[in-house]
Amino acid sequence: KLLLAPPRTLPEEVRAQSEAQESEQVTVALRGGTVAYLLWVPFVLTCFAVGVRDVPRAIAALYLPAWRALGWTPRVGEPAESALLRRDLTAFLGLVLLDPSVRAECAPRGAAHIARRSALPTELVGPCLAMHLRGANEAEVSAVIDRATSSVDAVERGILLSALGESSAAH
């Protein structure tokens with residue numbers, strides 16, 4: 001779980017206002033509530049107080065370095081939690097914050113996964129496929145629906161159905 005706190009180098013009155021509300025939290029639940037990202041209300045208030053109006057972009061700027069550092073493929077000896085963090089940061093940045101740089105990297109990987117199943121680590125298939133499906137044509141969406149409904153692999157079926165649900169193209 002990642003927590004954001006207001007910076008301590010703000011004007012005194014802004015910091016005091018943020019600290020007065022420090023117990024309040026906004027929870028953004030991802031992937032059916034299995035992981036919740038806690039974004040402190042003071043951070044959002046601080047953004048507005050110092051003139052930042054694009055809060056999703058400011059939040060993305062905080063998470064992008066960690067996402068880039070994790071990379072696309074697991075490293076030898078990497079803790080299992082890193083795969084979950086990789087998946088959740090990818091979903092958060094691309095599907096919740098709609099960061100254009102993340103979406104630009106993920107959507108083509110989702111398209112490649114449709115063509116050949118081994119294009120992505122399992123934990124990234126869902127978010128990347130969902131980002132691809134948001135801009136996919138009807139034939140591509142239908143192909144994923146057909147693949148999901150005909151799959152005998154419960155894990156694959158779950159990932160495909162989840163990606164369809166997370167994409168607005170399936171609605």
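In the predicted model, helix 3 and helix 4 meet through two sets of residues. Helix 3 supplies Ile59, Ala60, Tyr63, Leu64, Ala66, Trp67 and Leu70. Helix 4 supplies Ser82, Leu85, Arg86, Leu89, Thr90, Phe92 and Leu93. The two axes lie 10 Å apart and enclose an angle of about 140 degrees. An angle over 145 degrees would count as roughly antiparallel. The pair is therefore classed as oblique. The crossing is left-handed.

Leu93 belongs to helix 4, which spans residues 80-96. Its relative accessibility is 0%, so Leu93 counts as buried. Leaving out residues up to four places away in sequence, Leu93 touches Ala60, Tyr63, Leu64, Trp67, Leu98, Asp99 and Val102. Among these partners, Ala60, Tyr63, Leu64 and Trp67 also appear on the helix 3 side of the packing with helix 4. Tyr63 sits 30 residues from Leu93 in sequence. In space, their C-alpha atoms are 7.7 Å apart.

Trp67 faces Leu93 from helix 3. Beyond its neighbours within four places in sequence, Trp67 is in contact with Trp72, Arg86, Leu89, Thr90, Leu93, Val102, Glu105 and Cys106. Of these, Arg86, Leu89, Thr90 and Leu93 are listed for helix 4 in the packing with helix 3.

Both Trp67 and Leu93 recur in the largest nonpolar core, a set of 32 residues. The residues with the most contacts inside this core are Trp67, Trp72, Leu93, Val102, Cys106 and Leu133. Two or more core residues come from each of helix 3 (55-70), helix 4, helix 5 (100-115), helix 6 (122-133), helix 7 (138-150) and helix 8. In soluble globular proteins, nonpolar side chains tend to be buried together.

Leu98 follows in the loop between helix 4 and helix 5. Its phi is positive, at about 55 degrees, although Leu98 is not a glycine. Most residues other than glycine have a negative phi. With a relative accessibility of 45%, Leu98 counts as partly exposed. Leu98 is nevertheless one of the residues touched by Leu93.

Two polar residues were examined in and after helix 8. Glu156 lies within helix 8. At 12% relative accessibility, Glu156 falls under the 20% limit and so counts as buried. Its side chain makes a polar contact of 2.8 Å with the side chain of Ser151. Ser167 lies in the segment after helix 8, which covers residues 154-166. Ser167 is also buried, because its relative accessibility is 1%. A polar atom of the Ser167 side chain lies 3.0 Å from the backbone oxygen of Leu164. Apart from residues up to four places away in sequence, Ser167 touches Ala130, Leu133 and Arg134. Leu133 is one of the residues with the most contacts inside the largest nonpolar core.

Overall, the secondary structure comprises eight helices and three strands. Along the sequence, the order is β-α-β-β-α-α-α-α-α-α-α. The protein has 171 residues, of which 42% count as buried. Among contacts between residues at least 6 apart in sequence, 57% join residues at least 24 apart. The contact of Leu93 with Tyr63, at a separation of 30 residues, is an example of such a pair.

Key
Residues numbered from 1 in each chain as written. Predicted model: local features only at pLDDT ≥ 70, side-chain atom pairs only at ≥ 80, totals over all residues. Heavy atoms only, no water. Helix = DSSP H or I, 4+ residues; strand = E, 2+ residues; numbered from the N terminus. Buried < 20%, exposed > 50% of the residue type's maximum accessible area, 1.4 Å probe, protein only. Contact = heavy atoms within 4.5 Å. Polar contact = N/O pair within 3.5 Å; in protein donor to acceptor, adjacent residues only side chain to side chain. Core = buried A, V, L, I, M, F, W, Y, C linked by side-chain atoms within 4.5 Å. Axes fitted to C-alpha atoms, helices over the stretch in contact; angles between N-to-C directions. Parallel < 35°, antiparallel > 145°, perpendicular 65-115°, else oblique. Left-handed = near helix turned anticlockwise from the far one by under 90°.
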